[in-house]
Amino acid sequence: GGAAPGDPAWRDWAGGLPEEVLEAVAGAVVAQTEAAWAGEVHACAVCFDEKAGVDCVRFHSCGHTFCKGCIAGYFQSQVADGAVAELLCPEPSCRAAATPAEVKAVLSEEDYEAFERLSLQQSLQSMKDVFVCPRCEYPAILQEEGGRLAICGECSFSFCVECRCAWHGLSACANLAARWRKAGPAERDALTAKYGAKGVSRGRG
């Protein structure tokens with residue numbers, strides 16, 4: 001066999017070839033390797049049964065192999081628990097994350113849609129300037145850092161990110177009284193700092 005992509009001999013030989021040719025050759029080598037792997041029998045690292053490669057999933061980042069049944073059950077459980085960031089290689093000593101393609105290969109269409117939806121929600125929650133529109137549930141962008149006005153990119157609904165009601169300008173949120181009643185001492189201090197003593201008093205009626 002000749003040199004493979006990544007080998008020094010390959011790099012010496014391929015140095016003068018156009019980029020497109022190199023990509024095509026590398027892609028063909030990967031496809032050939034994958035086809036050979038799929039044609040072999042592999043032991044699942046969870047149930048220890050031997051399965052054909054077409055009935056297995058190999059995590060590309062770490063190389064660990066599992067049967068689709070074991071991985072599907074594990075991923076379905078994680079998605080049902082909302083732990084989409086925890087779709088990791090089940091090998092105890094490994095923390096390699098599954099790629100979306102690896103997840104899609106074992107989940108049903110319905111479970112994969114739930115995975116995508118939860119992943120998006122968790123991503124949005126980590127962004128300080130993006131909020132979910134209360135009308136259509138599409139991402140909405142905060143218009144000013146530290147402000148309260150967000151405008152939905154899908155339905156153009158303008159809303160207050162604190163009360164999630166239609167934008168009310170500088171007026172106190174309509175649900176301020178309810179928020180005050182439910183708030184603990186620290187939250188009440190935060191509301192007073194934001195709206196002022198008079199604003200909180202008016203909001204409380």
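A residue counts as exposed when its relative accessible area is over 50% and as buried when that value is under 20%, with partly exposed in between. By that yardstick Glu110, at 65% relative accessibility, is exposed. Please keep in mind that the model you are looking at is predicted. Here is a friendly tour of its cysteines, its charged residues, two residues with positive phi, and two pairs of residues compared by C-alpha distance.

**Cysteines**

- The number of disulfides in this model is 0.
- Cys44 has no disulfide partner, and the nearest cysteine sulfur belongs to Cys47, 3.7 Å away. A disulfide needs two cysteine sulfur atoms within 2.5 Å, so a separation of 3.7 Å does not qualify.
- Cys44 has a relative accessibility of 0%, so this cysteine counts as buried.
- Cys56 is likewise in no disulfide; for this residue the nearest cysteine sulfur is that of Cys67, at 6.4 Å. That distance also fails the 2.5 Å cut-off.
- Cys56 is buried because its relative accessible area is 5%, and the limit for buried is under 20%.

**A patch of negative charge**

- On the surface, four glutamates gather in a patch of negative charge: Glu109, Glu110, Glu113 and Glu116.
- Glu110, one of these patch residues, sits in helix H5, which covers residues 109-125.
- As noted at the start, Glu110 is exposed, with 65% relative accessibility.

**The salt bridge**

- Across the whole structure, the search turns up 1 salt bridge.
- The partners are Arg95 and Glu86, whose closest N and O atoms are 3.6 Å apart. This pair qualifies because the cut-off asks for a side-chain nitrogen of Lys or Arg within 4 Å of a carboxyl oxygen of Asp or Glu.
- Arg95 is exposed, at 60% relative accessibility, whereas Glu86 is partly exposed, with a relative accessible area of 34%.

**Positive phi in residues that are not glycine**

- Ser156 has a positive phi of about 65°, although this residue is not a glycine.
- You will find Ser156 in the loop that runs between strand E7 (149-152) and strand E8 (158-160).
- With a relative accessible area of 52%, Ser156 is exposed, since the threshold is over 50%.
- Arg164 is not a glycine either, and has a positive phi of about 60°.
- The loop between E8 and helix H6 (176-182) holds Arg164.
- Arg164 is partly exposed, at 39% relative accessibility.

**Two pairs by C-alpha distance**

- Phe131 is placed in strand E5, made up of residues 130-132.
- Phe131 counts as partly exposed because its relative accessibility is 26%, a value between the limits of 20% and 50%.
- Along the chain, Phe131 and Ile151 are 20 residues apart, and their C-alpha atoms are separated by 9.1 Å.
- Gln78 belongs to helix H3, which spans residues 68-80.
- Gln78 is buried, with a relative accessible area of 16%.
- From Gln78 to Leu88 there are 10 residues in sequence and 9.8 Å in space, C-alpha to C-alpha.

Conventions: Residues are numbered from 1 along each chain as its sequence is written. This is a predicted model: local features need pLDDT of at least 70, side-chain atom pairs count only at pLDDT 80 or more; totals for chains, interfaces and linings use all residues. Side-chain values use heavy atoms; hydrogens and water are left out. Buried means under 20% relative accessible area, exposed over 50%, partly exposed in between (1.4 Å probe, protein chains only). Patches are made of residues with over 30% relative accessible area and no salt bridge: like charges are joined within 9 Å, nonpolar side chains (Val, Leu, Ile, Met, Phe, Trp, Tyr) within 5 Å. Accessible areas come from the Shrake-Rupley method with a 1.4 Å probe; for residues, only the protein chains shown count as cover. Lys and Arg count as positive and Asp and Glu as negative; His and the chain ends are not counted. The place of a charge is taken as NZ of Lys, CZ of Arg, CG of Asp or CD of Glu. Helices (H or I, at least four residues) and strands (E, at least two) are DSSP runs, numbered from the N terminus.
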